[in-house]
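Subject: Structure handover

Hello,

Here is the structure I promised to pass on. My notes follow below it.

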Amino acid sequence: MTEGNVFATSQRTHRCGDLRASHAGAIVTLGGWVHRSRDLGGLVFMDLRDRAGLVQVSFNPDWSSAAAIADAAAVGVESVVLVEGTVMHRPGDMRNPDLATGDIEVRATSIRVVGPAVTPAIPVARGKNDKLPAEDLRLRHRYLDLRRPELQANLVLRHHLLQVTRQYLSARGFLELETPILTKPTPEGARDYLVPSRVHPGEFYALPQSPQIYKQLFMCCGFDRYFQIARCFRDEDLRQDRQPEFTQIDIEASFIGIDDIMALSEGMVADIWHEAGHEVPTPFERMSYADAMERYGCDRPDLRYDLAIDDLTAVFAPLDFDVTRNAIAAGGRVRGLRVPGASAWSRKQVDELESLAKGAGARGLMRVKKVEGTLDTPLAKFFTPEVEAALAARMADGELLLVVAADDRVSNPALDRVRQECARRLGLVDELARRFVWITDFPMFDKDPATGALSAVHHPFTAANAADMAAYPDAPERWRALAYDCVLNGLELGGGSIRTSDPRVQSRMFTLLGIGDTAEQERRFGFLLEGLRAGAPPHGGIAFGFDRISMLLSHGTSLRDVIAFPKTTAARALFEDAPTTVPADDLRELHLRSTVEGA
C-alpha cells in the first residue's frame, strides 16, 4: 500500500478519479471500467471510470506498444481493465474543466482486460442531453444502473450520513443494539410480512414493522440509551414512492421527556445536514396538531409559504344557501383560502382546483374574487349586504377566496391539497428554504364516527397526557398523546412519543382499543407486559426515515434513487425477479399449500 493512499493494493496504485496535477510524472496502475473509447486510427483515447471518477487514458505509438494500442482499440465499453502508465499534464487547449482529473491524462504503456463485458443492456455513459432509459429497465439491470456516477454519489453520501448518525449518538452514550428480524406479529398500522416456521407447523414469524416493543424492553433491561439503524418491513397497499422494506434511525432512552428527545433529535439532524453541506438552525419551531390542522389542514404543514385557512363559518351562517346551511347544521364548518393575486385565474384554472378538492373528498369548491373592490362570485345571489361587506373586509384586492363547506375530516384534506397547488402556481415554494417544525399534542385516539370504535393515532404503546386522562376519564377521544413528529417542508422526517411505562395503564389502552380480554392481551403482548411489570423506567423515543433523509439530501426524486436494490411501486424486485413461485415440495416442507391456480 502506498503511504497515505488507502486504496492502493497489490493490483493498483491509485483510483482513477483521485489523480490530479500533483501526480504528474508518477507511474501508476489503475483498475476500472471502460466508460468510453475513441479510436482515431492508431491513437486511442479511453475514459476509465471507478467510483472516484473518470480519467483519460491515451494510447500513442510514442509511448505505447502496438499490441497495447490494438488491445485498447478492441476492448468493449464496461469491460474491466488494468492500465499502467505515466501521469502527464494535458496540453492547455486539451484540458477538461468539467472533470476533476481534467488537467492530466495517463499515457498508457500496457493494458490488460480482467473483466470482459458483453454489450450493456442499458447505457452507463450518457451525454448531457441523453435521457435515462425507462425506470423499469434500469431496475431490471440494476448492476449497470448502479454504475452511474449519480447513483454512486447517492450511496456514498448515504454511507457518510450513517456514519455521522452513529458518531453523534455514540458520543452521547447511546448503544447500537440489534433486535430480531424474525419476530411475533403485532399490530402497528400495516400488515405484517409473515414467515412460516418449518419446525413448528402452522406457526409463523413476522418481519418487524419496527423494533418498537424490543426497544422498550431494552429500557426495562437497563440499557438506558439505545439506537439502531433498523431494517423494517410493512406489507402496505401500493402507494407511490413507498418501499416494503426500509431503513430507519431508531432511538429510545430512559428517564427523558419530550424536550430531551427534541433537543437530541435536533442536534442529530443538524449534524446530518451539515455532512451534506447545509447548516440547520436549532431549536426547531413547534406547533400543536390542533393549530396545524386549523391553519393548514394537515399535520405535516409546509411552512415555506403561508396561505393559511380561514374559518368563515360565522360569515356564511346567515346565508340562505343549502350547501353552507346544511354543512353547518350537520356540525361542519365553512373554511377557505385567500389566494393573493389569483383573481385573474381563468375559470378553467379554478375548475382544476375544484377537481383536486373533489379528489380529496369535498363535494365542491366555492369561489369568490375581489376585483377593484368588488366581489365577483356565483354565490352573489345568496349574499346579503352584511355578508358581502364582511367578506369584502376580509379580502384584499386581487384575491381569490376558495371555500369548502363540510366536516373538518373532509375540508382539511381538500383545502390542504388546494393550498399546495396554489403555492406551486404562484411560485411561493422556495426550493432552497428548510423549514423544520415539531408537531405536538396529537390526539391519542381516532374515533370512528359510524361505530364509535377507537384506533391509535400513533401506536398503542404511546402515553396519553396525564392531565387529559384526569380531566376526561370517560372521554378518551379527548386525550392528547405525548407524541411528536419532525416535519420538513411538508414531509414527515420522523416521529415518536413518550411510552406507557405502567403495565396497568398499558392494559387499559389495549382495552380501549378493543383488546379487552386479559387472555388476549397476554397472548398478543404478554412479553411486553411482563417486562413492564418487572419494573420499567419512564422512557420514550423517536424513529427517523433514513431513506427519505438520504433522498432529500442527495436531491433525489424518488426513494429508489438512494436504495441500492429497491422494489417497484408494485413491490417487485425486477433484478432478481422476486417475489416468485415456490416449488410444491418446498411448500410442503413448510406445511403450506398454494391456493393460486397454476402456482
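Start with the surface. The protein chain exposes about 29,400 Å², and carbon and sulfur atoms supply 52% of that area. Please keep in mind that this is a predicted model.

**Overall picture**

The protein chain has 599 residues, and 45% of them are buried. Its secondary structure comes to 17 helices and 22 strands. Along the principal axes, the C-alpha trace spans about 95 × 70 × 55 Å.

Take the contacts in the chain with a separation of 6 or more. Residues 24 or more positions apart account for 68% of them.

On charge, there are 70 positive and 83 negative side chains. The centres of the two sets lie 2 Å apart.

**Strand S16 and its partners**

S16 covers residues 400–406, and seven of its seven residues are buried. In a regular strand the side chains alternate between the two faces of the sheet. S16 has two such sets. Leu400, Leu402, Val404 and Ala406 point one way. Leu401, Val403 and Ala405 point the other way. Both sets are buried.

Which strands pair with S16? One is S13, residues 333–339, which is antiparallel to S16 over seven bridges. There, Leu337 stands opposite Leu402. Another is S14, residues 366–371, also antiparallel, with four bridges to S16. Here Val368 stands opposite Leu401.

**Helix H12**

H12 runs over residues 408–426. Does its length agree with 1.5 Å a residue, or disagree? Its 19 residues should span 27 Å at that rate, and the end C-alpha atoms are 26 Å apart, so the two agree.

The buried residues of H12 include Ala414, Leu415, Val418, Cys422 and Ala423. Charged side chains are on the buried list too: Asp416, Arg419 and Glu421. Ser411 and Asn412 complete the list.

What do these buried residues pack against? Two of the elements are helices: H7 (289–296) and H10 (347–359). The others are strands: S12 (309–311), S13 and S16. S13 therefore turns up twice in these notes: it pairs with S16, and the buried residues of H12 pack against it.

**Strand S10 and its partners**

S10 covers residues 245–254, and nine of its ten residues are buried. S9, residues 225–233, pairs with S10 in the antiparallel sense over nine bridges. In that pairing, Arg231 stands opposite Thr247. S10 is also joined to S22, residues 539–545, by seven bridges, again antiparallel. Ala253 has Gly540 of S22 as its bridge partner.

**Val87**

Val87 sits in strand S4, residues 80–89. Is Val87 buried or exposed? Its relative accessibility is 0%, so Val87 counts as buried.

Leave aside the neighbours within four places in sequence. Val87 is then in contact with Leu19, Arg20, His23, Ala24, Gly25, Ala26 and Val28. Ile104, Glu105 and Val106 are contacts as well.

For a sense of distance, look at Arg499. It is 412 residues from Val87 along the chain, and the two C-alpha atoms are separated by 61 Å.

**Backbone points to check by eye**

Most residues other than glycine have a negative phi, and most peptide bonds are trans. Here are some places that depart from that.

- Thr282 and Pro283 are joined by a cis peptide bond, with omega about 0°. Pro283 is in the loop between helix H6 (258–275) and strand S11 (285–288).
- Ala578 and Pro579 are also joined by a cis peptide bond, with omega about 0°. Pro579 lies in the loop between helix H16 (546–553) and helix H17 (584–589).
- Glu78 is not a glycine, yet its phi is positive, near 70°. Glu78 is found in the loop between helix H1 (66–74) and S4. At a relative accessible area of 3%, Glu78 is buried.
- Asp577 has a positive phi of about 60°, and it is not a glycine either. Asp577 lies in the loop between H16 and H17. At a relative accessible area of 48%, Asp577 is partly exposed.

The loop between H16 and H17 thus holds both Asp577 and Pro579.

Best wishes

Technical notes: Residues numbered from 1 in each chain as written. Predicted model: local features only at pLDDT ≥ 70, side-chain atom pairs only at ≥ 80, totals over all residues. Heavy atoms only, no water. Buried < 20%, exposed > 50% of the residue type's maximum accessible area, 1.4 Å probe, protein only. Pairing = 2+ DSSP bridges. Contact = heavy atoms within 4.5 Å. Areas by Shrake-Rupley, 256 points an atom, 1.4 Å probe, with all protein chains shown as cover. Charge placed at Lys NZ, Arg CZ, Asp CG, Glu CD. Expected span 1.5 Å × (residues − 1).
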